[in-house]
Amino acid sequence: MTLKDKLLAQRIYLFLGALFITSLVVSNLIFQKFFYWYPVDVEFFGSKLFEVSVGILPYPITFLITDLISEIFGKKRANEVVIAGIFASFFSMLIIYIANAVPATPWSPVQDSLFTTVFGSTAIAVFASMMAYLLAQFVDIHIYHFWKNLTQGKYLWLRNNFSTFSSQFVDTATVLLLLCSFGKIEWDRFLGLLTAGFLFKVIIAALDTPFLYLTVYLFRKRFNLALNEEIDLA
């Protein structure tokens, strides 16, 4: 690989990392709003089957990016992005904690009570999300590379979907367990929210497979990569 190609690959890796971290942090900031992602009123275990948090919207992007980085740049680089995401999330939590602690001026458009209502639960939510995220992302990367090695780089759809389905279930179950344990969500909503969240993530994971195929194809064509070959950024 030429120096020009390596510099381009490094910039792309940096861009993917930035997109990953942005999606992760934003999902933790907007989680308190819920919406119906399908206009059918079906109740399941005490919760609406198609009722989920808006925080779930950007979150599947993180798994798509780690799969893409795993495929093109390797397992080590994917793990680095995951660790960077943890740091960014806890740093954002620290900033929000300080912002919530300082008193608002009398003329402030957003007063303390409103700010606390929107961001006051962020610390617990971020903690729960980070524990779930850490476990799920490493599960995703491990399973992805297990299938990649087993199939010798073939059947991209298999490792993409199998790893994402498994990790998304782990993520959804873990974060709900922690939020219910902290009293942020009633336990009688657990099964309903677990089903609704996992169903949404499975559908999104299946829909993003063509995008992964297209992106991997473009990478391999641009950098002349053989099947199962990865870019070494060192």
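# Worked exercises on a predicted model

R222 is partly exposed, with a relative accessible area of 38% (buried means under 20%, exposed over 50% and partly exposed in between, with a 1.4 Å probe and protein chains only). This is a predicted model, in which local features need pLDDT of at least 70 and side-chain atom pairs count only at pLDDT 80 or more, while totals for chains, interfaces and linings use all residues. Residues are numbered from 1 along each chain as its sequence is written, and side-chain values use heavy atoms, leaving out hydrogens and water.

## Exercise 1: a pair across the chain

Find which side chain meets R222 in a salt bridge.

**Solution.**
- Step 1. Start with the criterion: a salt bridge is a side-chain nitrogen of Lys or Arg within 4 Å of a carboxyl oxygen of Asp or Glu.
- Step 2. Applied here, it pairs R222 with D5, at 3.0 Å from N to O.
- Step 3. R222 belongs to helix 8 and D5 to helix 1, so this contact ties together parts that are 217 residues apart in sequence. Helices (H or I, at least four residues) and strands (E, at least two) are DSSP runs numbered from the N terminus.
- Step 4. Check the cover on the other partner: D5 has 15% relative accessibility and therefore counts as buried.

## Exercise 2: the other salt bridges

How many salt bridges does a search of the whole structure find?

**Solution.**
- Step 1. The search finds 5.
- Step 2. One of them joins R77 and E80, whose closest N and O atoms are 3.1 Å apart. These two sit 3 residues apart in helix 3, so about one helical turn separates them.
- Step 3. Compare the accessibility of the partners: R77 is buried at 19%, whereas E80 is partly exposed at 31%.
- Step 4. Another bridge runs from E230 to K148, with 2.9 Å between the closest N and O atoms. This pair links distant parts of the chain, with E230 in the segment after helix 8 and K148 in helix 5, 82 residues apart.
- Step 5. Here K148 is buried, with a relative accessible area of 1%, while E230 is partly exposed at 35%.
- Step 6. Finally, look for shared partners: salt bridges of this kind join E71, R159 and R220 into one network.

## Exercise 3: the largest pocket

Describe the volume and the lining of the largest pocket.

**Solution.**
- Step 1. Set up the search. On a 1 Å grid over the protein atoms alone, a pocket is an open set of points with protein on both sides within 12 Å along at least five of seven lines, and lining residues have an atom within 4 Å of a point.
- Step 2. The volume comes to about 670 Å³. (Grid points are joined across faces, edges and corners, and the volume is the space filled by probe spheres set on the points.)
- Step 3. There are 27 lining residues, and those closest to the centre are F31, F34, S53, V175 and L179.
- Step 4. Elements that give two or more residues are helix 1 (3-29), strand 4 (51-53), helix 5 (122-150), helix 6 (156-181) and helix 7 (190-207). Helix 6 gives the most, with 5 residues.
- Step 5. Sort the lining by type: 12 nonpolar, 9 polar and 6 charged (Ala, Val, Leu, Ile, Met, Phe, Trp, Tyr, Cys and Pro count as nonpolar, Asp, Glu, Lys and Arg as charged, and the others, Gly among them, as polar).

## Exercise 4: a nonpolar patch

Which residues make the nonpolar surface patch of about 760 Å²?

**Solution.**
- Step 1. Patches use residues with over 30% relative accessible area and no salt bridge; nonpolar side chains (Val, Leu, Ile, Met, Phe, Trp, Tyr) are joined within 5 Å, and like charges within 9 Å. Areas follow the Shrake-Rupley method with a 1.4 Å probe, and for residues only the protein chains shown count as cover.
- Step 2. The members are F87, F91, L94, I95, Y97, I98 and V102.
- Step 3. Take I98, which lies in helix 3 (residues 75-101). I98 is partly exposed at 47%.

## Exercise 5: backbone angles

What is the sign of phi in N224 and in N228?

**Solution.**
- Step 1. Recall that most residues other than glycine have a negative phi.
- Step 2. N224 has a positive value, near 55°, and N228 also has a positive phi, of about 75°.
- Step 3. Place them: N224 is in the segment after helix 8 (209-223), and N228 lies in the segment after helix 8 too.
- Step 4. N224 is exposed at 65%, whereas N228 is partly exposed at 30%.

Methods
On a 1 Å grid over the protein atoms alone, a cavity is a set of points where a 1.4 Å probe fits but cannot get out, and a pocket is an open set with protein on both sides within 12 Å along at least five of seven lines; lining residues have an atom within 4 Å of a point.
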